[in-house]
Amino acid sequence: MEMCFSGRRALVTGAGKGIGRATALALARCGAEVTAVTRTRADLDSLVLECPSIRPVCVDLADWDATDAALRDDVIGPIDLLVNNAACATLQPFLEVTPEEFDKAFNVNVKAVLHVSQLVARGMKTRGRGGAIVNLSSQASQRALQDHTVYCATKGALDMLTRVMALELGEHQIRVNSVNPTVVMTEMGRLGWRDPDKARTMTSRIPLGRFAEVEDVVNSVLFLLSDKSSMTSGVTLPVDGGFLAC
């Protein structure tokens, strides 16, 4: 039986593809009023065709001013549940990392999460009814991965941002947690792990011996958004088949 989010308003970033899209659709199935955010109009158009109740917002979250204009309370209305899923990953060896890729990754993976969360949490605080925020992090926040220098650094920063948000927003009954998956074979996952030999180097270190499915991650996100986790805040929840336990 699926969880019920009837009467709740949810915002999902990076909702055009992969985990974000699946999360937006799952929340809509569970009764939430969903606002889906991504920078690619074609992805939003296909998402709305699949689920007409979803409200699309097309904005590049790396653009601070555009995000302010698009996601203000008086534009999108009150939000009870936030999923910060938008992210980017460019693989570069440590000695080849460029300032452009560094700035791009931190702007999307960390700065945009802070900004969107500020916009949403201010409204939650004003209304006084609390809320729940889930940040999509990664096992890469806690383990070094070859050619993932900047991505690992952004996810490490995101985990600490999650903890500080939980600390400071808790008094307003706003819970903040992160979900930290292993490799999920979305478009982004295939970018780094489509080579079978490289994939085996990772699956051999996962006790369950496989990568995660999108549904595994979505189910964890829904749990952390739901009242079933009402005393859970500030955690980084691995969805990694035991990888971080070893």
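1. The largest cavity in this predicted model has a volume of about 70 Å³, and the structure holds one cavity of 30 Å³ or more. Its lining is made up of Cys88, Ala89, Thr90, Glu101, Lys104, Ala105, Asn109, Val150 and Tyr151. Two elements, α5 and α6, each give two or more residues to this lining, and α5 gives the most, with four residues. By residue class, the lining of the largest cavity divides into five nonpolar, two polar and two charged residues.

2. The largest pocket should be considered alongside the cavity. The volume of the largest pocket is about 1,200 Å³, and of the 44 residues that line this pocket, the closest to its centre are Ala86, Ala87, Cys88, Ala89 and Met188. Cys88 and Ala89 thus appear in the lining of the largest pocket and also in that of the largest cavity. The elements giving two or more residues to the pocket lining are α1 (18-29), β2, α5, α6 (149-169) and α7 (187-193), with α7 giving the most, at six residues. The lining of the largest pocket comprises 21 nonpolar, 16 polar and seven charged residues.

3. Ser138 deserves a look because, at a relative accessible area of 7%, this residue is buried, although it is found in a loop, the one between β5 and α6. The side chain of Ser138 reaches the backbone nitrogen of Ala140 at 2.9 Å. Leaving out residues up to four places away in sequence, Ser138 touches Tyr151, Lys155, Val179, Asn180 and Pro181; of these, Tyr151 is also among the residues that line the largest cavity.

4. Which residue in the loop between β5 (131-136) and α6 might be checked for its backbone conformation? Asp147 is found in that loop, and its phi is near 70°, a positive value in a residue other than glycine. Most residues other than glycine have a negative phi. With a relative accessibility of 25%, Asp147 counts as partly exposed, whereas Ser138, which is found in the loop between β5 and α6 as well, is buried.

5. A positive phi is also found at Gln173, where the angle is near 60° in a residue other than glycine. Gln173 lies in the loop that runs between α6 and β6 (174-181). Is this residue buried or exposed? Gln173 is exposed, its relative accessible area being 59%, while Asp147 is partly exposed at 25%.

6. Helix α3 (residues 64-71) has Thr67, Ala70 and Leu71 as its buried residues. Seen down the axis of α3, these buried residues fall within an arc of 75°, and they therefore line one face of the helix. The packing partners of the buried residues of α3 are β1 (9-13), β2 (33-38), β3 (55-58), α4 (73-76) and α5 (99-127). The N-terminal end of α3 is capped by Asp63, which has a side-chain oxygen 3.3 Å from the backbone nitrogen of Asp65.

7. Helix α8 (residues 196-203) can be read in a similar order. Its buried residues are Ala199, Met202 and Thr203, and when α8 is seen down its axis they fall within an arc of 90°, so they line one face of the helix. These buried residues of α8 pack against α7, the element that gives the most to the lining of the largest pocket. At the start of α8, a side-chain oxygen of Asp195 reaches to within 3.2 Å of the backbone nitrogen of Asp197.

8. Cys58 is found in strand β3, an element against which the buried residues of α3 pack. Cys58 itself is partly exposed, with a relative accessible area of 31%. Although Cys58 and Arg39 are 19 residues apart along the chain, their C-alpha atoms are separated by 5.0 Å. Setting aside its neighbours within four places in sequence, Cys58 is in contact with Thr38, Arg39, Thr40, Arg41 and Leu44.

Terms used. Residues numbered from 1 in each chain as written. Predicted model: local features only at pLDDT ≥ 70, side-chain atom pairs only at ≥ 80, totals over all residues. Heavy atoms only, no water. Buried < 20%, exposed > 50% of the residue type's maximum accessible area, 1.4 Å probe, protein only. Arc of directions from axis to C-beta. Contact = heavy atoms within 4.5 Å. Polar contact = N/O pair within 3.5 Å; in protein donor to acceptor, adjacent residues only side chain to side chain. 1 Å grid on protein atoms, 1.4 Å probe; cavity = no way out; pocket = protein on both sides within 12 Å on 5 of 7 lines; lining within 4 Å. Points joined across faces, edges and corners; volume = space filled by probe spheres on them. Nonpolar A, V, L, I, M, F, W, Y, C, P; charged D, E, K, R; others polar.
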